[in-house]
Amino acid sequence: MKDIVRHLNKVRWGVLTIIFAMLILLPFLHLYQSYEAAHAYDLLAPSEKSIYDSMEWLTKPFVKDPEVELNELKGTTWSGTLFGLKMSDPLAVVGQIAAGKNIYWPFLLTALIPILLTVVFGRFFCGWICPATFIYELNDNLAAWMRKAGLPVSKHKLDKRLKYFVLAAGIIISAATGMIAFATMYPPAIIGREIYYSIALTGFGTGMVFFLLTLFFDLMVTRRGFCRYVCPGGALYSLLGWFRLVRIKRDVTQCNDCAKCNVVCQFGLDPLRDDFSQECNNCTACIAVCPTDALSFTLNIKDVPFQGPGHLGHKHKRDEA
Amino acid sequence: MQKVTVGLGLIGFSSLPFVLSKFLFPKVLVDAHTRIPLPGALAGQDAFLEACIGCGLCGEVCPPDCIKFHSVDGGFASNTPYIDPSRKACILCGYCMEICPTEALTVTDIREVDMGTAQIDQVACYPWVDKGVCGACFAICPLGDEAIKLEFRKSNRSAVPVIQEGCVGCGQCVEVCPEPSLPIRIVDRSQGTVARHGVAIRKKPEMLKF
């Protein structure tokens, strides 16, 4: 069991990569479908023909009628359909309820599965699914290289409660203007949409400019700053996952106080002092980095309070003596 | 105090795209009839914007790829879909209505779809100005006789197309019309009723109202 848990971080990277790759692949499949629907292969431009051919090669083993069957798998993490199962981001539902001031049940139900998973796993979306996380984590690696090279990088700290104000402000703006304000500034929504626009339609829209600004903010001001301090989706999931069941717990008898977990945690949490809180996105980087296997998943609706220094560390031995 | 300043600054930063789109482009800066609503859309632009979450699913399932999205020039409507029938028209397949997760597009019978109604400019249409036989709009109309009819008129010496009550405004006729000045356009049903059909007045195009 411990062995599997240690490799969860790699699994997570696999999941993130697959989701990001799907976001790029699906617009190409859409193009293929529209070429197929036009029934005019000979009239396609050479570049369009190459898209058609490669997508045909890719999907031929699985589908007979691409026009209809490829519609089973569509959309982005903001809202999509997975073999007939429609799923939406809970933030989209909150935004829609705020903007329209009415509840449309079929839409609310599309967010049911994500909401239930969030209640159990907390901010798992932020660590395991969000396509923006994929880029933000790569951006954080860039920051690490820059730090090694001696360049100035992010080192400020802000107040974690800020994102709840952003969530509230977004709800108020949506209610006041009758437009879903989150859709314009929520990175996963922007990423999914902009990739689709750039491949299947005219090109990148304005959302991309905002997303690049957030990358710059992460790099220069504070580590993973947007996710930790601004993202309204993160705020919503933190609230939903306040009493989440699955938590990472430190086994104090195994811990040697090396503090590698604190360094590797991109969300700036404090596993060394048992402080995971509702912010933890279950990224499992701390579990993977722990040299003594002290960290593991447990079922518990509350974090344990600080258990004291690790029993394998010097401080504990000094205290004992 | 510093915390509050930083916080306010960050909230301002995160509302940047919203504020920019609102204050730089408060209105849709294009002719209303080149950006018509989707089939099965909630009536009224305001109600549609309240329901649409801008996920782009409708565009991703559209077989003719006719659904486009308002960019920053759409103001409040940015990231929401529209159809420009003069470029590519809706084929009324209904995939977008099925896939839309929200109330914005709901499954509607083809004959009850209301994207507007076609209006033929009688000073440009070939048969109407006595330039010969055409009927391309009649031939392509997916609803047939309910939406458009060819009527023989002695004064025109050929069959002229006349829009009927059943027109749902899909815009196939706009796309197919061979006349370069696009004599057919899709207008809101309240503005272009069949009663006013064919009034050949070239007035300033109306802007979408927000």
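Colleague: Which residues does C58(B) touch, not counting residues up to four places away in sequence?
Modeller: This is a predicted model. Contact here means C-beta atoms within 7 Å. By that test, and leaving out residues up to four places away in sequence, C58(B) touches L38(B), I67(B), P81(B), C96(B), I99(B), C100(B) and L105(B).

Colleague: Which helix gives the most to the largest nonpolar core?
Modeller: The largest nonpolar core has 107 residues. C58(B) is among those that touch the most other members, and so are C96(B), C100(B) and I148(B). Yet the top contributor is in chain A: with seven residues, it is helix α2 (residues 8-38).

Colleague: How many residues are in the other core, the one with C255(A)?
Modeller: That core lies apart from the largest one. Its members include C255(A), C280(A), C283(A) and I287(A). The count is 16 residues.

Colleague: Which element gives the largest share of the side of chain B that touches chain A?
Modeller: On this side, 36 residues of chain B are in contact with 49 residues of chain A. Elements giving two or more residues include α2 (16-24), α3 (45-51) and β1 (67-69) of chain B. The largest share is six residues, and it comes from α1(B).

Colleague: How many nonpolar residues are on the side of domain 1 of chain B that touches domain 2 of chain B?
Modeller: The domain assignment splits chain B into domain 1 (1-111) and domain 2 (116-202). Ten residues of domain 1 are in contact with 15 residues of domain 2. On the domain 1 side, two are polar, two are charged, and the nonpolar ones number six.

Methods
Residues numbered from 1 in each chain as written. Chains lettered and ligands numbered in written order. Predicted model: local features only at pLDDT ≥ 70, side-chain atom pairs only at ≥ 80, totals over all residues. Domains from an automatic or database assignment. Contact = placed C-beta atoms within 7 Å. Nonpolar A, V, L, I, M, F, W, Y, C, P; charged D, E, K, R; others polar. Helix = DSSP H or I, 4+ residues; strand = E, 2+ residues; numbered from the N terminus. Core = buried A, V, L, I, M, F, W, Y, C linked by C-beta atoms within 7 Å. Buried ≥ 20, exposed ≤ 12 C-beta atoms within 10 Å, placed from the backbone.
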